[in-house]
Every structure is written in C-alpha cells, then in structure tokens.
Amino acid sequence: MRSRNVLSSSRLVIAILSTLALPTFTAIAAPSSQSVSQPTAKVVNQRQLGDGLYELAVIPQKNALFIASAQSFKGVNGGVIYRLDPNTLATTGETHTDLKNFGMTADEDGKFIYTTNSLDGAVSKIDAQDGKVLQRLFFKGKDKDGDPVGAREILLHDRQLYIGRVTDPGYISVVDAQTMTLKGQIEHVGKWVTGIIYSPLTQRIYAASGSGEIAVINPHNNKIEQRWKPDDGRKYLFLNMAEDPSTGHLFVTDNSEAKTTLVFDEHTGKVIKRLAGDALGIKFNAQRHEIYISQRESKKVLQLDAVSLAEKHAWSFTDNPNSLFVSADGKTLYVTLKQEFNADNSTKGPDSIARIALD
C-alpha cells in the first residue's frame, strides 16, 4: 500500500485499490501472444488493453470476460467496462461509464454484472447482454474529509450484495441485488474492509480488514460472531482471501509490512502456516486443487499445490500482476497486469490482461 501522511481520503482509496491492485484509441489493438517465460510460452496469451484495469468476471453463458476499469486517475472522468472473448482476449464490447469501476462480480444466471464505483461511494448494476447501466445506488455518508466513503470489494450471496467500505472504522453495506436498495449495514468490521468471501464449508461470510483480522459473519442475521487474528504480535494489513473447503483452510494475503500469506484453520480460527513473500490477489481452483497468488512487487503469479503448499510453477511478467480470476471449469486463469503509478497518480502506460491455459 502506498502510505503517505497527507493522503486525502480519495487518494487513500486509490492507494488501497492499487495494492489489490484508457488512453484514447483510434482502433482497438488486436490481441497478441507473448512469451513471458520459456516454459509457459505456449500457454500464456497477453494483451495490452487500457488504463486502470482492476477486477474481472467471466460469464460462460455469454462467452464473455468482463473487466472493470477506472481509466486514468489524472485528467480523466469515468471508466470503462470491457467485454472480451475469454478465449482470444479480443474486444467484443465496451461500456463507457461516468464513474470509475473497481470491484466486480456476476450473478449465477449470467444476466447481470455488478461493479463498485469506489471513489464515488456507489455500486452499479449492468446488463451483461448489452452492457447498459441499469441501476445505481449511491451510498449516503461522508468521511472526515467530506468525501464519499470508498466502496471496494463486492460479494454476491443469496441475492444480496455485501460491499466493503474503506474507512475507519470500516463497515459493510448490504444491498438487495434485485432492487438495488440498501437493506442495512454491518458495523465495526475493522479498519478498511478489504476482502469479502462466502464459505460453503462454514456457511459464513469472511471479511478481511486493514486491522489485520477476519470478521466471521452470519449471513442469516448479518451479525459478527467471531474475529480471527494472528497471535504473534505482528502488524498486518489483510487484503484478499481464498478458501479450500475440502481442508477448511482460509488463505489471506498481506502485502504491507508482513509480506506474507497466512493460512487459517477455519475450525479453530488459528493461523497454522505462513507463506513468505509479497502477496496480493489469491484464488483457489477446486478442479485442480491449486492456489494462485499474484506477486505485484516480484512480478510473478505463483501456482501452488493447495494441500502441501509446494510451488508447482511461477509465471513471470514484465508488468505487475494484480487481480486474478479462475474460470468455472478450472482450466483457465486470468490476470490483470498493472503499470507503476507516478507521483501524480498517473501511470507509466496502459495495463494488460493475461490468459493462462492451465491444462
């Protein structure tokens, strides 16, 4: 996380997002295959796409890969929702939005995608067929600087959207996904609510925070039942999570001071292992029983055995791996690759998307 004592709240949201974590084109560039390392040259397809790429979602029913874009933070209003062919990475559609897009999820039926508009404290519902913004909810409330409270990660569970808010103390906004109306808030989740996932094993929602703890939430009443913290006295800023329901292991990344991935035992709430190294995005692949970790500083994506946690492979890139997404069939891993930020929040060039064939 880019920490500065004088960061305004809007720039603080940008900094947090960039640790998760379009110039004008006269024509859309064709996707190109690029060898990132000799052992993986045949399975990695990489394409430069545009500024401010963040989270992804694949809708198999529509053969579509959606990517949320904030575009540039300097001199550019609004963002883009890109629609790509998930096999070739060719652009098949674009939605230019008046707000910047960050977090993203899709419904199981493949009809809608939802994206958070972090800097404006909002969430948008988009038609996955034609890319039109159907509804938008602006959350009330300002932070101490008078800016909207950032809306970061988004989870869709049981027709409700759980949206982490970047403030201190952080909270989760609960939204009816069908009507896009606010149903309530889960208060005092932790400083800067970052990752949110649902566990089919425990039937609980886990929320990670910059306080270095996991809030365990009962989705039936939206009450926090437990708080899990490492018992080692170290300072943590948790970011993203992945779960292996077959082993009851919860993986949590920290890319701040700790530079590690913690493994929690969901049955006890205790940390049972630590994986050293910078860690940002993380995903579990149930079909292959693997864990993938994006290392933004090391410019790698790791492929680990989910049980032994031994490294099976690493893909190296010239840009900085950020968000990850695993296809439903477990055969493909998608990665957004980000450029470095300049001091004025501009970047050194357009971000890219990579498709890794796992078979």
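In this predicted model, the charged end of Lys-125 sits over the ring of Phe-112, at 4.3 Å from the ring centre. A second arrangement of this kind involves Lys-191, whose charged end sits over the ring of Trp-192, 4.5 Å from its centre. Both Lys-191 and Trp-192 return in the surroundings of Thr-167, since this threonine touches Val-149, Gly-190, Lys-191 and Trp-192 when residues up to four places away in sequence are not counted. Thr-167 itself belongs to the loop between strand S12 (160-166) and strand S13 (170-176). With a relative accessible area of 16%, Thr-167 falls under the 20% limit and therefore counts as buried.

From these side chains the reader can turn to the sheets. One open sheet is formed by four strands in the order S3-S4-S5-S6, with antiparallel pairing. Its edge strands, each pairing on one side only, are strand S3 (53-59) and S6, and neighbouring strands of the sheet are turned by 20° against each other on average, direction ignored. S3 and S4 run antiparallel and are joined by five bridges; Ala-57 has Phe-66 in S4 as its bridge partner.

Another open sheet of four strands has the order S23-S24-S25-S26, again with antiparallel pairing. Here strand S23 (282-285) and strand S26 (311-316) are the edge strands, each of them pairing on one side only, while the average turn between neighbouring strands is 15°, direction ignored. Strand S25 (residues 300-305) is joined to S26 by five bridges, and the two run antiparallel. Within S26, Trp-315 stands opposite Val-301.

The aromatic rings offer another way through the chain. There are six aromatic pairs in the model. Among them is the pair of Phe-73 and Phe-102, which is stacked because the ring centres lie 6.1 Å apart and the planes meet at 15°, an angle under the 30 degrees required for stacking. Phe-73 lies in the loop between strand S4 (64-69) and strand S5 (79-84), whereas Phe-102 lies in the loop between strand S6 (91-97) and strand S7 (104-106), so the pair ties together parts that are 29 residues apart in sequence. Phe-73 and Phe-102 are both buried.

Trp-228 and Phe-264 make up another stacked pair, so described because their ring centres are 6.2 Å apart and their planes are at 25°. This pair links distant parts of the chain, with Trp-228 in strand S18 (residues 223-228) and Phe-264 in strand S21, 36 residues apart. Both Trp-228 and Phe-264 are buried, and ring pairs link these two residues with Tyr-206, Tyr-236 and Phe-238 into a cluster.

Some residues of that cluster also appear in the largest nonpolar core. Which of the 14 residues in this core touch the most other members? They are Tyr-206, Ile-214, Phe-238, Met-241, Leu-250 and Phe-264. The elements that give two or more residues to the core are strand S16 (204-209), strand S17 (214-218), strand S19 (238-244), strand S20 (249-254) and strand S21 (260-265). Tyr-206 shows how such a residue is surrounded: leaving aside its neighbours within four places in sequence, Tyr-206 is in contact with Gly-195, Ile-196, Ile-197, Ser-199, Ile-214, Ala-215, Val-216, Trp-228, Met-241, Leu-250 and Glu-266.

Methods
Residues numbered from 1 in each chain as written. Predicted model: local features only at pLDDT ≥ 70, side-chain atom pairs only at ≥ 80, totals over all residues. Heavy atoms only, no water. Core = buried A, V, L, I, M, F, W, Y, C linked by side-chain atoms within 4.5 Å. Buried < 20%, exposed > 50% of the residue type's maximum accessible area, 1.4 Å probe, protein only. Contact = heavy atoms within 4.5 Å. Pairing = 2+ DSSP bridges. Axes fitted to C-alpha atoms, helices over the stretch in contact; angles between N-to-C directions. Phe/Tyr/Trp six-rings, centres within 6.5 Å; stacked < 30°, edge-to-face > 60°. Lys NZ or Arg CZ within 6 Å of the ring centre and 35° of its normal.
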